[in-house]
Amino acid sequence: MQSNGAGQGQESSELPCLNSAQNGESSSAGGTHSNGLLSNTDNGNNSVGTSNGSSVGPCVGTSTASMALNSEVGSLKKKKRLSQAEEDVIRLIGQHLHGLGLNQTVDLLMQESGCRLEHPSATKFRNHVMEGEWEKAENDLNELRALMHSPNAIVRMKFLLLQQKYLEYLEDGKVLEALQVLRGELTPLKYNTDRIHVLSGYLMCSHAEDLRAKAEWEGKGTASRCRLLDKLQTYLPPSVMLPPRRLHTLLKQAVELQRDRCLYHNTKMDNSLDSVSLLLDHVCSRKQFPCYTQQILTEHCNEVWFCKFSNDGTKLATGSKDTTVIIWQVDMESHQLKLLRTLEGHAYGVSYLAWSPDDTYLIACGPDDCSELWLWNIQTGELRTKMSQSHEDSLTSVAWNPDGKRFVTGGQRGQFYQCDLDGNLLDSWEGVRVQCLWCLGDGRTVLASDTHQRIRGYNFEDLTDRNIVQEDHPIMSFTVSKNGRLALLNVATQGVHLWDLQDRVLVRKYQGVTQGFYTIHSCFGGHNEDFIASGSEDHKVYIWHRRGELPIAELTGHTRTVNCVSWNPAVPGLMASASDDGTVRIWGPAPFQDSQEADGPHENCSNMDS
């Protein structure tokens with residue numbers, strides 16, 4: 001344990017459900033289903049004979065039984081009118097089934113429910129787009145104009161239609177027709193002139209393959225027209241035409257929300273619904289989380305002040321009051337650690353360690369009265385640099401520049417240096433009493449917490465500095481997320497605070513941890529750094545989900561203050577903690593057998609993740 005001197009209208013055109021006789025509105029006969037959509041297979045029983053959108057009687061050839069069914073459905077509709085939510089669900093199911101090619105099933109669903117999948121004008125528009133009848137599709141836009149929230153969107157929709165028409169003419173080798181579309185139809189729209197210039201360049205394409213490559217276009221056919229429809233549908237109210245794959249989108253959002261709310265979800269997100277079961281809610285068990293002691297490292301013979309996994313996760317460095325640094329090798333399959341080498345000679349003990357970006361070097365710093373730092377080559381085990389600018393210095397913290405060729409170091413006596421790998425002084429900042437350091441990814445900005453209870457940003461290139469964080473109590477240590485946006489602070493007598501460095505606001509105060517005036521180092525961890533862990537003076541390790549103030553786990557086992565925790569960046573289920581009790585504990589999921597025996601049927605992580 002280190003004592004620290006810091007002390008210191010509907011659209012008005014909303015569609016009601018219709019009786020079964022109204023489901024056949026379409027612009028063409030024989031090529032559509034009774035729900036108005038294009039048929040993949042036409043057996044002659046589902047075609048209709050109306051093109052003006054008016055109500056029609058039962059389909060030609062409909063059996064007596066079918067008419068009886070329609071009559072029964074009509075009477076059911078009178079008894080119970082479907083709610084808006086029920087209508088929406090039916091339309092969503094119908095759209096999904098249509099996407100699977102089950103068009104006859106869609107017909108029956110719409111007929112039996114008395115609903116229609118989309119507005120008749122939208123159906124005509126869809127069919128004309130898919131058939132490549134561009135003039136008819138443009139005429140359909142006039143009917144759709146009155147149904148839209150924003151009539152101005154018609155221009156954008158027309159532009160997309162004409163662009164597809166233009167590209168298809170080019171692919172067919174009809175250069176004159178394409179040129180006419182470009183000059184006589186697209187240009188007069190006076191919309192997206194930059195895109196028109198790009199389109200004009202495609203006139204120089206020598207063949208169809210060249211056109212598809214330069215335009216990043218699938219080519220004439222169903223695929224590109226379906227993609228075009230997806231874009232066009234975004235301009236139409238859902239009451240007129242459903243957004244593309246709407247049911248799939250809703251299910252995906254539901255899965256993501258369940259994962260987001262799962263306190264122990266610590267695996268890589270899979271955005272595909274193919275890897276999940278929609279039959280069960282997603283839940284992860286605590287037993288799959290790093291809450292269980294897998295290994296106790298006892299090679300140090302005094303208080304262990306610091307621990308840090310390498311950037312690639314294959315090694316762990318631990319520093320102790322016993323004047324040694326131990327490098328541990330991580331078996332990436334079994335996740336067991338074994339001693340790789342011991343680095344000796346740190347007379348004052350080792351209170352801070354920093355891996356170089358490529359994990360070639362490791363810098364070790366001592367406590368407050370130490371004026372030296374050591375730069376070790378981990379691959380060879382040799383000491384490359386032992387640096388000391390003055391015996392009056394106190395070099396207690398260090399941070400690597402992202403280029404791996406420079407580092408900054410400092411201490412509470414007012415030292416703040418930038419040095420090269422040989423310890424040569426490149427720059428210095430006078431009178432800054434440094435408690436902890438961090439280099440941001442821009443390669444220019446260095447964050448430093450000081451004795452004025454703040455974190456300031458220092459730019460060594462233009463010698464400017466600015467306030468970023470201001471606390472009311474001493475900042476004992478801090479660390480920054482990988483994206484450079486969030487800072488995690490251990491604040492004396494207050495505990496663990498999360499700050500947004502960009503907005504410069506305090507985001508959250510985490511509860512539970514015991515933090516006095518000793519230096520405790522917390523960390524981000526897990527997939528996407530969704531979790532936060534910290535040691536504590538009550539001998540525990542605390543873990544929080546980043547979005548919750550209460551701990552989701554309190555890990556016991558250490559018998560004295562836990563000074564530092566480190567989460568393996570490559571193995572989300574592996575964490576290390578260092579304590580004044582002289583041990584380093586390695587935490588991981590529960591053993592497989594115990595987990596299987598202890599978990600109930602609904603506590604296991606469901607197969608949402610394969």
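**A tour from helix α4 to the WD repeats**

Begin by selecting helix α4 in this predicted model, where 11 of the 12 residues are buried, so that the helix is mostly covered. If you colour the buried positions, you will mark P120, S121, A122, T123, K124, F125, R126, N127, H128, V129 and M130. Next, show α5 (134-145), α6 (153-171) and α10 (222-233), because these are the helices against which the buried residues of α4 pack, with heavy atoms within 4.5 Å.

Now pick the two end C-alpha atoms of α4, which covers residues 120-131, and compare their separation of 17 Å with the 16 Å expected for 12 residues at 1.5 Å a residue; the two values agree. Just after α4 comes G132, a residue with a positive phi near 70 degrees.

From here, move to R225, which is found in helix α10. Is R225 buried or exposed? Its relative accessible area is 10%, and because buried means under 20%, R225 counts as buried. Display its side chain together with that of E168, and you will find a polar contact of 2.9 Å joining the two. Leaving aside residues up to four places away in sequence, R225 also touches V129, M130, E131, G132, W134, Q164 and K220.

Finally, select residues 297-331, 343-374 and 555-587, which an unreviewed UniProt entry lists as "repeat: WD". In residues 343-374 the end C-alpha atoms lie 10 Å apart, and the span is 0% helix and 38% strand. In residues 555-587 the end C-alpha atoms lie 9 Å apart, and that span is 0% helix and 48% strand.

Methods: Residues numbered from 1 in each chain as written. Predicted model: local features only at pLDDT ≥ 70, side-chain atom pairs only at ≥ 80, totals over all residues. Heavy atoms only, no water. UniProt positions renumbered as here; feature names shortened; annotations may be inferred. Helix = DSSP H or I, 4+ residues; strand = E, 2+ residues; numbered from the N terminus. Expected span 1.5 Å × (residues − 1). Buried < 20%, exposed > 50% of the residue type's maximum accessible area, 1.4 Å probe, protein only. Polar contact = N/O pair within 3.5 Å; in protein donor to acceptor, adjacent residues only side chain to side chain.
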